[in-house]
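Subject: A structure for you to explore

Hi there,

Here is the structure I promised to pass on to you. Have a look at it first, and then read my notes below.

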Amino acid sequence: MALDPADQHLRHVEKDILIPKIMREKAKERCSEQVQDFTKCCKNSGVLMVVKCRKENSALKECLTAYYNDPAFHEECKMEYLKEREEFRKTGIPAKERLQKVPTSM
């Protein structure tokens, strides 16, 4: 039985794992300044990073949590996932491979 590419139904694994993964990746991109600050602090603090980087860690958590709790952001990530899944169901080619096989100019 072939799957309908336009089907919007989500399986549990898609709701609970795959879409949250997209959300984490996109939130990290959008919180890149906080990620950089925290990373820099950790590199400079060594074993004392737990104590020394509380401010940076809090700022990063706050930024990420704001995205995780935003229904519009969740919907955006869900639609991105559904679009990729629809494309995969049409072509049989995963998104990573489609992006890598962009034809080069001759």
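Please keep in mind that this is a predicted model. Let me begin with the residues that line the largest pocket: seven of them are nonpolar, five are charged, and none are polar. The pocket itself has a volume of about 480 Å³. Twelve residues make up its lining, and those closest to the centre are Ile22, Tyr81, Glu84, Ala95 and Lys96. If you want to find the walls on your screen, look for H1, helix H5 (71–91) and helix H6 (95–100), the elements that each give two or more residues to the lining. In case you wonder how such a space is found at all: rolling a probe the size of a water molecule over the atoms shows where empty space is left.

Next come the cysteines. How many disulfides does the structure hold? There are two.

One of them is formed by Cys31 and Cys63, whose sulfur atoms are 1.9 Å apart. This disulfide links distant parts of the chain, with Cys31 in the loop between helix H1 (12–30) and H2, Cys63 in helix H4 (residues 54–68), and the two positions 32 residues apart. The angle about the S-S bond is -90°, and the link of Cys31 and Cys63 is left-handed. Cys31 has a relative accessibility of 0%, so it counts as buried. Cys63 is buried as well, with a relative accessible area of 13%.

The other disulfide joins Cys41 to Cys53, with an S to S distance of 2.0 Å. Cys41 sits in helix H2 and Cys53 in the loop between helix H3 (49–52) and H4, so this bond ties together parts that are twelve residues apart in sequence. The link of Cys41 and Cys53 is left-handed too, at -95° about the S-S bond. Both Cys41 and Cys53 are buried. If you number the bonded cysteines of the protein chain in sequence order, the pairing reads 1-4, 2-3.

Why is there no bond between Cys42 and Cys53? The closest cysteine sulfur to that of Cys42 is the one in Cys53, but it is 4.4 Å away, which is too far for a bond. A disulfide needs the two sulfur atoms within 2.5 Å. Cys42 is buried, with a relative accessible area of 17%. Cys77 also counts as buried, because its relative accessibility is 0%.

While you are in this part of the model, take a look at Ser45, which belongs to helix H2 (residues 32–45). Is Ser45 buried or exposed? Its relative accessible area is 12%, so Ser45 is buried. Leaving aside neighbours within four places in sequence, Ser45 is in contact with Lys52 and with Cys53, the cysteine that is bonded to Cys41.

Finally, a word on the aromatic rings. A search of the whole structure turns up one aromatic pair. The pair consists of Tyr67 and Phe73: their ring centres are 5.0 Å apart and their planes are at 55°, so the pair is tilted. The partners have their own exposure values: Tyr67 counts as partly exposed because its relative accessibility is 23%, whereas Phe73, at 2%, counts as buried.

Enjoy exploring, and do write back with any questions.

Best wishes

Note on methods:
Residues numbered from 1 in each chain as written. Predicted model: local features only at pLDDT ≥ 70, side-chain atom pairs only at ≥ 80, totals over all residues. Heavy atoms only, no water. Helix = DSSP H or I, 4+ residues; strand = E, 2+ residues; numbered from the N terminus. Buried < 20%, exposed > 50% of the residue type's maximum accessible area, 1.4 Å probe, protein only. Contact = heavy atoms within 4.5 Å. Phe/Tyr/Trp six-rings, centres within 6.5 Å; stacked < 30°, edge-to-face > 60°. 1 Å grid on protein atoms, 1.4 Å probe; cavity = no way out; pocket = protein on both sides within 12 Å on 5 of 7 lines; lining within 4 Å. Points joined across faces, edges and corners; volume = space filled by probe spheres on them. Nonpolar A, V, L, I, M, F, W, Y, C, P; charged D, E, K, R; others polar.
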